[in-house]
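Please open the model in your viewer and keep the selection panel at hand. The tour below moves from one selection to the next and says what is to be found at each stop.

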Protein chains: 2
Amino acid sequence: VTNSTDARAIGIFDSGLGGLTVARAVRDAFPGESLCYLGDTARVPYGTKSATTVTAYAREDIAFLLRHGVKAVIAACNTVSAAALPGLADDYDVPVIGVVEKGADAALARDEGQADGHPRKIGVIGTETTVGSEAYVRAIARRSPEAQVLQKACPLFVPLIEEGWLDHAVTREVVREYLTPMRADGIDTLILGCTHYPLIAPLLADFFGPGVRIVDSARVMAIALERAFRKGVILPAPTGGEARINYFVTDRYHRFRDLATAFMGGDCIDVQLVASDELVAGSVAW
Amino acid sequence: VTNSTDARAIGIFDSGLGGLTVARAVRDAFPGESLCYLGDTARVPYGTKSATTVTAYAREDIAFLLRHGVKAVIAACNTVSAAALPGLADDYDVPVIGVVEKGADAALARDEGQADGHPRKIGVIGTETTVGSEAYVRAIARRSPEAQVLQKACPLFVPLIEEGWLDHAVTREVVREYLTPMRADGIDTLILGCTHYPLIAPLLADFFGPGVRIVDSARVMAIALERAFRKGVILPAPTGGEARINYFVTDRYHRFRDLATAFMGGDCIDVQLVASDELVAGSVAW
């Protein structure tokens, strides 16, 4: 524990818009911290791409944030956390925090009053690459070998959410199609393994009913950050400083700005467009 | 008209798998031609990205095919044709053929026995970027100012097709949701402005009924190529030569190989993985 402070921003990156759910949770929990957000909208989505490609993209995203002088990097994207970390995390001088390990912690935590000793049954939903990586399965098994994990890739959720069909009959039908077997198996906890999914959390809660606890990456990441501050892994911003949020995107500037303004609130959203060539070129030694 | 021949391959590129519908139509129409196919699966989809980004990607894709010595380039991707051509096409020594202009020709052609003089009403469906570009609207207006064009972006079709839900209740419901107004307006022709859409053509034909003629890019491109051979714009391969098809993808090698094998038939599918860095680096003068 230290009394020092660090005025540098916390970096957050995602394949696109979804990481705003994490950014909002972090901002609400730590309003004094400056944030630097990168959405790689020119190459979105990551969740349908291979671990090799996702790792290459993640390296470029992290290098971009480091060039902007961040004190820590949050990989908001579950696909990056699952497929590229922790192999990547050791390569940098600043902490690089993924959501999978913290999500496993949160999923295994028992609510107060919850019966102990009962073997846990945890559902994990995410992109094809996240589910294919089995990262959540391994992270949960390391902590609780007797826990049962049921996974299901839900590739249509992101396009449906991007279409804005958050409470649409089609989205309900797709939920039913994907998740009826998981519901029949009787899970006690559902990990939303994609930053987009909190936007359909009400619909998922309806489908699974009150007996299933939902763990979302945004809240998990705010808790992980609180812990990193407490342990001195990241130093907090000096009190009374001015907290700024800078947004960078690689494409679709206007769409991102409109959605970020609506989602983050306020009227002072500062978004800059980064050429995707710049992202690629900057991270490779030519 | 010339009697010369040219043994070089015809290049075809697309953001991913969808262009295989074009490749198959070209191979079936011209079995003596070698083909060189590039699917940019590391950056798929193009249809949700800006014209600027799509143009940059298209330049890299074309440069890659030219490094492989093709005699012509087919932009199978409607988004590229709509957003990046014809601005791009003049920059190259070989013909670069897009699908929009040829699609407009095909849509306006009258079937034998069709009543003349009646103003045409043409529906166009495609990605957000294709529809937003209004390229089909302009191409049709240049040929037939009195024709009426109704457009609708259908961003969920590609993910539904990629999910394999080609004849699924959810896909039918999404078709109904997107296209009921277009059907109510009484179009006579529907342009499938995306290379994925032929895979749900039966479902769209069901929905619109027998009175609506469907124009798909694959057939349109085979006809355009026939015309280019006839006019000597492209020289045909020498007869009796060995026709080869080489496939290149920037990601998801196995998935592409399996699908291409199933879709193209035969057991000799030659797919190579190209690092996406190579694609980017090769086309830019550093």
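What follows is a walk through a predicted model, taking the chains, their contact and then the cysteines in turn.

**Both chains**

Begin by colouring chain A and chain B separately, and superpose one on the other: chain A can be laid on chain B with an RMSD of 0.0 Å, by a turn of 180° and a shift of 0.0 Å along the axis. That is the relation of a two-fold axis. To find where chain A comes nearest to this axis, select A:R43, whose C-alpha lies 2.5 Å from it and is the nearest C-alpha of chain A.

**The contact between the chains**

Next, select the residues of each chain that touch the other, which gives 33 residues from chain A and 32 residues from chain B. Of the interface residues of chain A, 97% are also interface residues in chain B, so the copies meet through the same surface. The area buried between chain A and chain B is about 2,500 Å², and carbon and sulfur atoms give 58% of that area.

Now turn to the polar side of this contact, where 16 residue pairs are in polar contact across the interface of chain A and chain B, counting pairs with both residues at pLDDT 80 or more. Two salt bridges are also found across the interface. To see a salt bridge in atomic detail, show the side chains of A:E128 and B:R252, whose closest N and O atoms are 3.8 Å apart.

With the salt bridge still in view, switch chain A to a cartoon and pick out helix 2 (51–67), helix 7 (157–162), helix 8 (169–184) and helix 12 (276–283), each of which supplies at least two residues of the side of chain A that touches chain B. Which helix of chain A gives the largest share of that side? Helix 8 of chain A does, with five residues.

**The cysteines**

Finally, select the cysteines in both chains and display their sulfur atoms; the structure holds zero disulfides over all chains. A:C194 is in no disulfide, and its nearest cysteine sulfur, that of A:C77, is 7.2 Å away. With a relative accessibility of 7%, A:C194 counts as buried.

Move to chain B and centre on B:C77, which is buried as well, at a relative accessible area of 4%. Why does B:C77 form no bond with the closest cysteine sulfur, in B:C194? The two sulfur atoms are 7.2 Å apart, which is too far for a bond, given that a disulfide requires cysteine sulfur atoms within 2.5 Å.

Definitions and conventions: Residues are numbered from 1 along each chain as its sequence is written. Chains are lettered from A and ligands numbered from 1 in the order in which they are written. This is a predicted model: local features need pLDDT of at least 70, side-chain atom pairs count only at pLDDT 80 or more; totals for chains, interfaces and linings use all residues. Side-chain values use heavy atoms; hydrogens and water are left out. Copies are superposed by least squares on the C-alpha atoms of residues with pLDDT of at least 70 in both. Contact means heavy atoms within 4.5 Å. Buried means under 20% relative accessible area, exposed over 50%, partly exposed in between (1.4 Å probe, protein chains only). Buried area is the accessible area (1.4 Å probe) that two parts lose on being put together, summed over both. A salt bridge is a side-chain nitrogen of Lys or Arg within 4 Å of a carboxyl oxygen of Asp or Glu. A polar contact is a pair of N or O atoms within 3.5 Å; within protein, one must be able to donate a hydrogen and the other to accept it, and residues adjacent in sequence count only if both atoms are side-chain atoms. Helices (H or I, at least four residues) and strands (E, at least two) are DSSP runs, numbered from the N terminus.
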